[in-house]
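I opened the file to look up a few points and kept notes as I went. The entries follow in the order in which I made them.

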Amino acid sequence: MNPDRIRHTAGSASLFAALLAGALPAAAQQDATPPDLRSIVAMETSDLVGVVGRYSADREALLRRWDVAYSSDRRERLRTFYEGWLQQLDGLDVDGLGLEGRIDHVLLRSELRYELELLEREGRLAAQLQSLVPFISTIAALQEARRDLAPVDPREASVVLQDLADEVDHLRTALEASLDATEGEATVPSPIVALRAARAVGSLRRDLEDWYGHYAGYDPLFTWWAESPYLVVDSALAGYVVFVRERLVGVGSGGEEPIVGDPIGADAMRSDLEHEMIAYTPEELIAIGEREFAWCEAEMVRASRDMGFGDDWHAALEHVKTLHVAPGEQPDLVRDLAWEAVAFLQERDLLTIPPLAEEVWRLEMMSPEMQKIAPFFLGGEVIQVSFPTDGMAHEDKLMSMRANNVHFSRATVHHELIPGHHLQGFMTRRYNPHRRAFGTPFWGEGWALYWEMRLWDMGFPATAEDRMGMLFWRKHRAARIIFSLKFHLGEMTPDEAIDFLVDGVGHERASATAEVRRSFNGSYSPLYQAAYMIGGMQIRALHSELVESGQMTDREFHDAILQGGTMPIEMVRARLTGEAPSPDFVASWEFDESN
């Protein structure tokens, strides 16, 4: 490792705070240190900043242009794009690049290969949808012809729309007959495929609305021919979505989807781990999660004894859940907890916290609807606080207060704000922002989870109740490894995952249900939930290697990670040690400290 390469990071964050001093309150201006331009000049930048920026800009432009999901033409255009970039990248003279450039070379190469793999997966999913959504190509052709600026024939368009409406009606009739004949047995699509189909049809309906709105009213002849059949097909698609959701997915009268999920299987899981540069199998990661889960339970028993509940950690946890603030007082609690965490970090000189980062974070209350999906805090520059509102059912109010008690919140606020997600976002917008193209939850969530571990090690939990609050969350992260990976391997159902969180971790059932729904509703990548603790363990192992050995200070280490930008943690290791990865890099780092 070259210490001089990293050491500049300790003071460079203060430059931006000083440059913006005129916009800061007087107190913040007093905290800002004078700018050190030399630290910025000395900072090594990647030779491939422009290359990665060009790739990101071009990709985003293509995705805006080719905007119909599951379109085969879209997949082919993106495949050509990724393959062309990969060919050019493979022909680059890597030997002439510096450390940062060689890291970006490996990251971009990995990203391109993974995007090609995702296109293959999308093609397989599209094939599965064919029986339920055979009209993808019809709607895609209309929208993509418009994108190509091809002239539209109003009369032909009306025929396409009428035929499409007929196809949707016939398809629905056939499915209804199949359901009545087989009572939902083998010939009926699975709920997983049906859920994908309902979402795909909803997206296609919006595409068709966009296509129709482009011409309607602006071209009187088009409106004369197409208005009536368009309204018919739009109604047919809307009704078809409701039919699929209710009859095939199983949505109840309240409109809430059952937790179906979409397991990707062992092969896709291995591919995702390769992309994240994790040199472990899913089974090995589950074993790590089970070991950490057992450690947390043993520590919970110790905390329970200290609280006077003997070995009954469930009873001790129930007591902690009653220690919440009164309605209306949660914002004040979050503010005080945020200040407490910052003071703890600054007193020990653990990392650079720019004054502006302290100034700009904000607090908003979470809506009751959002709390059904996210029963706890969400964070970043704006921390979204989960707590009861007057419109919630009384039972839901009590459960929300219990789930967001003082000691659970104390272990959450620093995860979401400083040193967690808010500080991450603040720094990545200022340092190596081109690497946001390589975003990974192992860096994003792993960093915040690492701090939960680090603060535990440094005695941040002052009481047994505080320890129980931190242990609840840590055990929860271990449980996420277990239930999420087992689900995607087909070894655990969503209902079993909910029971596991209730019985094994101590969640309220409503909170556990929301957590599992959030994990499997398609908005998170398959490895996302495992990334919290695994990423945290990776950073912790790296801290042991570089800080505990005396090669770096805490401040140098933490600032270097934040200023390097988001990337798989094995590339963070390469950057901090100065060991440039080879062009054909394959993950091999065994970070699990227990081995």
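Entry 1, terms. I take helices as DSSP runs of H or I with at least four residues, numbered from the N terminus. By that count Val-49 lies in helix α5, residues 49–65. I note here that the model is a predicted one.

Entry 2, Val-49. I looked up its exposure and found Val-49 partly exposed, because its relative accessible area is 34% and the partly exposed class runs between 20% and 50%. I also took a distance: the C-alpha atoms of Val-49 and Gln-346 are separated by 32 Å, with their places 297 residues apart along the chain.

Entry 3, the whole protein. I count 28 helices and two strands. The C-alpha trace spans about 75 × 60 × 50 Å along its principal axes. I then checked the radius of gyration: it is 27 Å, which agrees with the value near 25 Å that a compact globule of 595 residues would have. Of the 595 residues, 55% count as buried. The exposed area is about 25,200 Å², and carbon and sulfur atoms supply 51% of it. I looked at contacts between residues at least 6 apart in sequence, and 76% of them join residues at least 24 apart. For charges, I have 56 positive and 95 negative, and their mean positions lie 2 Å apart.

Entry 4, cores. Which residues touch the most other members of the largest nonpolar core? I find Leu-351, Met-468, Phe-557, Met-571 and Leu-576, in a core of 118 residues. Helix α23 (residues 464–488) gives this core its largest share, 13 residues. There is also a second, separate core of 46 residues, and I noted Ala-157, Ala-165, Val-201 and Phe-222 among its members.

Entry 5, Leu-351. I listed its contacts, leaving out residues up to four places away in sequence. Leu-351 touches Leu-345, Pro-419, Leu-423, Trp-447, Trp-451, Arg-555, His-558, Asp-559 and Leu-562. One of these, Pro-419, I followed up next.

Entry 6, Pro-419. The peptide bond between Ile-418 and Pro-419 is cis, with omega about 15°. Most peptide bonds are trans. I place Pro-419 in the loop between α20 (413–416) and α21 (421–428).

Entry 7, positive phi. Most residues other than glycine have a negative phi. I noted two residues with a positive value. Met-277 has phi near 60° and sits in the loop between α12 (265–275) and α13 (282–306). Is Met-277 buried or exposed? I class Met-277 as buried, because its relative accessibility is 3% and the cut-off is under 20%. Asn-432 has phi of about 45° and lies in the loop between α21 and α22 (441–457). At 15% relative accessibility, Asn-432 also counts as buried.

Entry 8, Arg-435. The loop between α21 and α22 holds Arg-435 as well. I find Arg-435 buried, with a relative accessible area of 0%. What is Arg-435 in contact with, leaving aside neighbours within four places in sequence? I list Ser-46, Glu-100, Ile-103, Asp-104, Leu-107, Gly-564, Gly-565, Thr-566, Met-567 and Arg-575.

Entry 9, Asp-466. I went back to helix α23, where Asp-466 lies. Asp-466 is buried at a relative accessible area of 7%. Not counting residues up to four places away in sequence, Asp-466 touches His-407, Arg-410 and Pro-461.

Entry 10, Asp-207. I find Asp-207 in helix α10, residues 191–215. Its relative accessible area is 9%, so I class Asp-207 as buried. With neighbours within four places in sequence left aside, Asp-207 is in contact with Asp-67, Val-68, Ala-69, Ile-139 and Gln-143. I also took the distance to Pro-568, 361 residues apart along the chain, and the C-alpha atoms are separated by 35 Å.

Entry 11, Glu-329. I place Glu-329 in the loop between α14 (313–321) and α15 (330–347). Glu-329 counts as partly exposed, at 41% relative accessibility. How far is the C-alpha atom of Glu-329 from that of Phe-387? I get 9.6 Å, for residues 58 apart along the chain.

Methods
Residues are numbered from 1 along each chain as its sequence is written. This is a predicted model: local features need pLDDT of at least 70, side-chain atom pairs count only at pLDDT 80 or more; totals for chains, interfaces and linings use all residues. Side-chain values use heavy atoms; hydrogens and water are left out. The radius of gyration is taken over C-alpha atoms; the globule rule is 2.2 Å times the number of residues to the power 0.38. Buried means under 20% relative accessible area, exposed over 50%, partly exposed in between (1.4 Å probe, protein chains only). Contact means heavy atoms within 4.5 Å. Accessible areas come from the Shrake-Rupley method with a 1.4 Å probe; for residues, only the protein chains shown count as cover. Lys and Arg count as positive and Asp and Glu as negative; His and the chain ends are not counted. The place of a charge is taken as NZ of Lys, CZ of Arg, CG of Asp or CD of Glu. A nonpolar core is a set of buried Ala, Val, Leu, Ile, Met, Phe, Trp, Tyr and Cys residues joined through side-chain atoms within 4.5 Å.
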